[in-house]
Amino acid sequence: MSADADAILSAALNLPEDVRLSLACKLLDSLPPEGTILSEDDPSLPEELDRRFADREGLIRWSDLKAED
């Protein structure tokens, strides 16, 4: 997790339980609908990975992504 995400999590954990529950629900609601995320078992995963690899726009270098940890 990034430093920003860690800071947000730390702050959120200090909130009252009802506020944390509301926040958690809102975060879950922000995720894509179930079934739109590919799993490693999905037979269309190789095709989707090839498509994403070919699309260089929005490309993030591994070293930049790794630096976020």
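## Four helices, loosely spread

Let's start with the fold: the protein chain has four helices and zero strands. Keep in mind that this is a predicted model. Follow the sequence along and you meet the pattern α-α-α-α. The radius of gyration of the protein chain is 17 Å, while the globule rule gives 11 Å for 69 residues, so the chain is more spread out than a compact globule. If you'd like to picture the outline, the C-alpha atoms fill a box of roughly 45 × 30 × 20 Å along the principal axes.

Next, have a look at what is covered and what is not. Just 4% of the 69 residues in the protein chain count as buried. The accessible surface of the chain comes to about 6500 Å², and carbon and sulfur atoms account for 58% of that.

Now for the charges. The protein chain carries 7 positive and 17 negative ones. Take the mean position of each group, and the two points turn out to be 5 Å apart.

Finally, zoom in on one spot on the surface. Leu15, Val19, Leu23 and Leu27 make a nonpolar patch there of about 300 Å². To find Leu15, go to the loop between helix H1 (3–13) and helix H2 (17–29). Is this leucine buried, exposed or something in between? Leu15 has a relative accessibility of 31%. Buried means under 20% and exposed means over 50%, so Leu15 counts as partly exposed.

Conventions:
Residues numbered from 1 in each chain as written. Predicted model: local features only at pLDDT ≥ 70, side-chain atom pairs only at ≥ 80, totals over all residues. Heavy atoms only, no water. Helix = DSSP H or I, 4+ residues; strand = E, 2+ residues; numbered from the N terminus. Rg over C-alpha atoms; globule rule 2.2 N^0.38 Å. Buried < 20%, exposed > 50% of the residue type's maximum accessible area, 1.4 Å probe, protein only. Areas by Shrake-Rupley, 256 points an atom, 1.4 Å probe, with all protein chains shown as cover. Lys, Arg positive; Asp, Glu negative; His and termini not counted. Charge placed at Lys NZ, Arg CZ, Asp CG, Glu CD. Patch = residues over 30% accessible without salt bridge, like charges linked within 9 Å, V, L, I, M, F, W, Y side chains within 5 Å. Salt bridge = Lys/Arg side-chain N within 4 Å of Asp/Glu carboxyl O.
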